[in-house]
Amino acid sequence: MISASHILDRVLVLEMVRVTEAAAIAASKWIGRGDNDAADAAAVEAMRTAFNDLPFDGTVVIGEGERDEAPMLFIGEKVGLGGEGAPKIDIALDPLEGTTITATAGPNALAVLAIAEEGCLLNAPDVYMEKLAIGPGYPEGTIDLNRSPADNVRSLAKAKGCDPREIRACVLDRPRHQAIIDDLRGLGCAIQLIPDGDVAGVIAVTNPDTGIDVYMGTGGAPEGVLAAAALRCVGGQMQGRLLFRNDDEKARAARWGVTDLDRIYELEDMARGDCIFAATGVTDGSLLEGVHVHKGGCISTESVVMRASSGTIRRVRTEHRKGA
């Protein structure tokens, strides 16, 4: 049982939805317009403005990059009203998870964030992370990054009581994943390739309606921490291992206190204690509906917000009436 945090007051649950709603609505104005940067910038600005209305002392630990690379919501940036006695909150965020998806009007673009007490979210450098995740209900140790993709599917199938060919894996459609795809297809299991959005891909393993049993592959480390926070709320297993392409990335990791470059991070290494995770759909997808503008200018959004200590999952449909 996860103890409820006295820092994460329950009022923050719905406040986090308001933050992701603001980012999603701002980004939605750029759906299908072919401009990744403009969509991302709109989401960042809206999320930052919404954060700065909240009564906490927030620090971005997973953000848009390091200060020299990101003008707003960079790693280490302070947000919130602050002040004496304000609760200290660590924040992981991706104001627009799926910039290319948004620019091309594809599915599953999200505005995403997670919060926890100070020191409870992995301060991961902006590098790649090898990820492996399954949903709840399986024995500990069912998956292991040190095994091959096929061996992990065999282990999962045994735990599920089915043939490996009945397992469906979610993998980002990238050339770097060809070896994983070949290994899985040699086993005969199904593969669902996604163009972007690996936070949604990891979360999909927790929802039986998606038909996805396991997520595997390499994506951004920041997205890995966000996905881990979501799994902390709903259950499941996840492992991550940082990948470094050059000495510059290793030096970046050292600046954030990463000394064991080969470490496999378990779920609670990436997100500990009580967490709140929130996401709002930007474009329609398997997890959430996107932002829709209706006759008269009313805007509708769909969000999900989860809390680890209570195990609650709330789906929030909101109508934002013009002039309200």
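**Exercise 1.** Sort the lining of the second largest pocket by class.

*Solution.* The lining holds 6 nonpolar, 7 polar and 4 charged residues. Here Ala, Val, Leu, Ile, Met, Phe, Trp, Tyr, Cys and Pro count as nonpolar, Asp, Glu, Lys and Arg as charged, and the others, Gly among them, as polar. A pocket is an open set of points on a 1 Å grid over the protein atoms alone, where a 1.4 Å probe fits, with protein on both sides within 12 Å along at least five of seven lines; lining residues have an atom within 4 Å of a point.

The model is predicted: local features need pLDDT of at least 70, side-chain atom pairs count only at pLDDT 80 or more, and totals for chains, interfaces and linings use all residues. Residues are numbered from 1 along each chain as its sequence is written, and side-chain values use heavy atoms, without hydrogens and water.

**Exercise 2.** Find the residues nearest the centre of each pocket.

*Solution.* In the largest pocket, with 28 lining residues, these are Asp-94, Asp-126, Gly-220, Pro-222 and Glu-223. In the second largest, lined by 17 residues, they are Glu-140, Gly-236, Gln-237, Met-238 and Leu-267.

**Exercise 3.** Explain why Cys-275 forms no disulfide (a pair of cysteine sulfur atoms within 2.5 Å).

*Solution.* First, search the whole structure: 0 disulfides are found. Next, take the cysteine sulfur closest to that of Cys-275, which belongs to Cys-233. The distance is 5.7 Å, so the two are too far apart for a bond. Finally, check accessibility: Cys-275, at 0% relative accessibility, counts as buried (under 20% relative accessible area, 1.4 Å probe, protein chains only).

Conventions: Disulfide = S-S within 2.5 Å. Buried < 20%, exposed > 50% of the residue type's maximum accessible area, 1.4 Å probe, protein only.
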